[in-house]
Amino acid sequence: MNIFGIGLPEMAVIFTIALLVFGPKKLPEIGRSMGKAIRGFQDASRDFESEFTREAKQLEEAVAISSKPETEKLAAATPKEDSTDS
């Protein structure tokens, strides 16, 4: 088990130190607060990712729309082959 580069022995040491510093009554409250903070961070990260994806998609659509007339101009400028020459 490896969370954030911290293995099981390191987590046990951190938990023991937290238990000694904060006491057994305060530890569940701190755990809840940390869980809420992590959940809030995950939600913000998910929102940022979806916003970034949406903006990238809009930018791609804008580029596709603006480059479309150029490809139509190139198609009109190239001479069409006539199949009746044979």
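Biologist: Which helix holds Glu51 and Arg54, and how many residues apart are they?

Modeller: Both lie in helix α2. They are three residues apart, about one turn of the helix. Keep in mind that this is a predicted model.

Biologist: What makes the contact between Glu51 and Arg54 a salt bridge?

Modeller: Distance decides. The closest N and O atoms are 2.7 Å apart. The cut-off is within 4 Å, so the pair counts as a salt bridge.

Biologist: Why can such side chains pair at all?

Modeller: Side chains of opposite charge can pair when their charged atoms come close.

Biologist: Why is Glu51 called partly exposed?

Modeller: Its relative accessible area is 37%. Buried means under 20% and exposed means over 50%, so Glu51 falls in between. Arg54 has 39%, so Arg54 is called partly exposed too.

Biologist: What makes Glu51, Arg54 and Glu55 a network?

Modeller: Salt bridges link these residues. Arg54 pairs with Glu51. Arg54 also pairs with Glu55, where the closest N and O atoms are 3.5 Å apart. That value is within 4 Å, so this contact passes as well. Glu55 has 37% relative accessibility, between the 20% and 50% limits, and therefore counts as partly exposed.

Biologist: How do you know that Asp43 and Arg46 form a salt bridge?

Modeller: Their side chains meet at 3.0 Å, N to O. The limit is 4 Å, so the pair qualifies. Both residues lie in helix α2, which covers residues 27-77. They are three residues apart, about one turn of the helix. Asp43 is at 34% relative accessibility, between 20% and 50%, so the label is partly exposed. The whole structure has four salt bridges.

Biologist: How many helices and strands does the chain have?

Modeller: Two helices and zero strands.

Biologist: How do you know that the span of α1 is close to the expected one?

Modeller: Helix α1, residues 8-22, has 15 residues. From first C-alpha to last, α1 reaches 21 Å. The expected span at 1.5 Å a residue is 21 Å, so the two values agree closely. After α1 comes Gly23, whose phi is positive, near 90°.

Biologist: Is Phe22 buried, partly exposed or exposed, and why?

Modeller: Phe22 is found in helix α1. Its relative accessible area is 46%. That is not over 50% and not under 20%, so Phe22 is partly exposed.

Biologist: What makes Phe22 fit for a nonpolar patch?

Modeller: A patch residue needs over 30% relative accessible area, so Phe22 passes with 46%. Val13, Ile17, Leu20 and Val21 join Phe22 in the patch. Together they have about 530 Å² of accessible area.

Biologist: How much of the chain is buried, and how much area is exposed?

Modeller: Buried residues make up 5% of the 86 residues. The chain exposes about 8100 Å². Carbon and sulfur atoms supply 64% of that area.

Biologist: What space lies in the largest pocket, and which residues are closest to its centre?

Modeller: The largest pocket holds about 330 Å³ of space. Of its 13 lining residues, Met11, Ile14, Phe15, Ala18 and Met34 are closest to the centre. Helices α1 and α2 each supply at least two residues of the lining.

Methods:
Residues numbered from 1 in each chain as written. Predicted model: local features only at pLDDT ≥ 70, side-chain atom pairs only at ≥ 80, totals over all residues. Heavy atoms only, no water. Helix = DSSP H or I, 4+ residues; strand = E, 2+ residues; numbered from the N terminus. Buried < 20%, exposed > 50% of the residue type's maximum accessible area, 1.4 Å probe, protein only. Areas by Shrake-Rupley, 256 points an atom, 1.4 Å probe, with all protein chains shown as cover. Patch = residues over 30% accessible without salt bridge, like charges linked within 9 Å, V, L, I, M, F, W, Y side chains within 5 Å. 1 Å grid on protein atoms, 1.4 Å probe; cavity = no way out; pocket = protein on both sides within 12 Å on 5 of 7 lines; lining within 4 Å. Points joined across faces, edges and corners; volume = space filled by probe spheres on them.
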